[in-house]
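What follows is a walk through one protein structure, for a reader who has not seen it before. It goes from the overall layout to single residues and back.

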Amino acid sequence: MWPDLIQKAKGGVDMIQTYVFWNGHEPEQGKYYFERRFDLVKFIKIVHQAGLYVHLRVGPYACAEWNFE
């Protein structure tokens, strides 16, 4: 889904901003997960290939954007 959405956004922006929901990357303390929809490196590479910048919002606070998790 990412490549299509990023290409659609490319027409009017030069940066993709996203939260990094750390509870998805570390579901248990000391056990890290960066696969499937949590593959942060792949996401950054796709954005870079589209010629855009990435602004990561890392932290414990993520407003209301995190639903059903």
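Helices and strands here are runs assigned by DSSP, a helix having at least four residues and a strand at least two, and they are numbered from the N terminus. With those terms, F34 can be placed in the loop between α2 (22-25) and α3 (40-49). The model is a predicted one, and the text comes back to F34 after a look at the chain as a whole.

The protein chain has 3 helices and 2 strands. Read from the N terminus, these elements follow the order α-β-α-α-β. Of the 69 residues in the protein chain, 22% count as buried. The accessible surface of the chain is about 5600 Å², and carbon and sulfur atoms account for 55% of that surface. The contacts also say something about how the chain is put together. Among contacts between residues at least 6 apart in sequence, 70% join residues at least 24 apart.

I6 gives an example of contacts between parts of the chain that lie apart in sequence. This residue is in helix α1. I6 counts as buried because its relative accessibility is 4%, and the limit for buried is under 20%. Leaving aside residues up to four places away in sequence, I6 touches F43, I46, V47, A50 and L52. One of these, I46, is 40 residues from I6 along the chain, yet the C-alpha atoms of I6 and I46 are separated by 8.1 Å.

Helix α1, residues 2-9, also holds a charged pair. Side chains of opposite charge can pair when their charged atoms come close. K8 forms a salt bridge with D4, and their closest N and O atoms are 3.1 Å apart. K8 and D4 are 4 residues apart in helix α1, so about one helical turn separates them. K8 is exposed, with a relative accessible area of 60%, while D4 is partly exposed at 43%. The structure holds 2 salt bridges. Another salt bridge joins the side chains of E28 and K31, at 3.6 Å from N to O. E28 is partly exposed, its relative accessible area being 46%.

Next come the aromatic residues. Rings of Phe, Tyr and Trp are paired if their centres lie within 6.5 Å. By this rule there are 5 aromatic pairs. In one of them, the ring centres of W22 and F34 are 5.9 Å apart and the ring planes meet at 65°, so the pair is edge-to-face. W22 lies in helix α2 and F34 in the loop between α2 and α3, 12 residues apart, and the pair therefore links distant parts of the chain. W22 counts as partly exposed because its relative accessibility is 36%. F34 is partly exposed as well, with a relative accessible area of 35%.

Y33 and F38 form another edge-to-face aromatic pair, with 6.0 Å from centre to centre and 70° between the planes. How far are these two residues covered? Y33 is partly exposed, at a relative accessible area of 28%, whereas F38 counts as buried at 16% relative accessibility.

Ring pairs also link W22, Y32 and F34 into a cluster. W22, Y32 and F34 appear together on the outside too, where they make a nonpolar surface patch of about 330 Å². To belong to such a patch, a residue needs over 30% relative accessible area. F34, at 35%, is partly exposed.

Which residue in helix α2 touches several of these aromatic residues? H25 is found in helix α2, and, not counting residues up to four places away in sequence, H25 touches V20, K31, Y32, Y33, F34, F38 and L40. H25 is buried, with a relative accessible area of 4%. Its neighbours thus include Y32 and F34 from the cluster described above, and also Y33 and F38. With F38 there is a polar contact as well: the side chain of H25 reaches the backbone oxygen of F38 at 3.4 Å.

Terms used. Residues are numbered from 1 along each chain as its sequence is written. This is a predicted model: local features need pLDDT of at least 70, side-chain atom pairs count only at pLDDT 80 or more; totals for chains, interfaces and linings use all residues. Side-chain values use heavy atoms; hydrogens and water are left out. Patches are made of residues with over 30% relative accessible area and no salt bridge: like charges are joined within 9 Å, nonpolar side chains (Val, Leu, Ile, Met, Phe, Trp, Tyr) within 5 Å. Accessible areas come from the Shrake-Rupley method with a 1.4 Å probe; for residues, only the protein chains shown count as cover. A salt bridge is a side-chain nitrogen of Lys or Arg within 4 Å of a carboxyl oxygen of Asp or Glu. Buried means under 20% relative accessible area, exposed over 50%, partly exposed in between (1.4 Å probe, protein chains only). Rings of Phe, Tyr and Trp (its six-membered ring) pair if their centres lie within 6.5 Å; planes under 30 degrees apart count as stacked, over 60 as edge-to-face and the rest as tilted. A polar contact is a pair of N or O atoms within 3.5 Å; within protein, one must be able to donate a hydrogen and the other to accept it, and residues adjacent in sequence count only if both atoms are side-chain atoms. Contact means heavy atoms within 4.5 Å.
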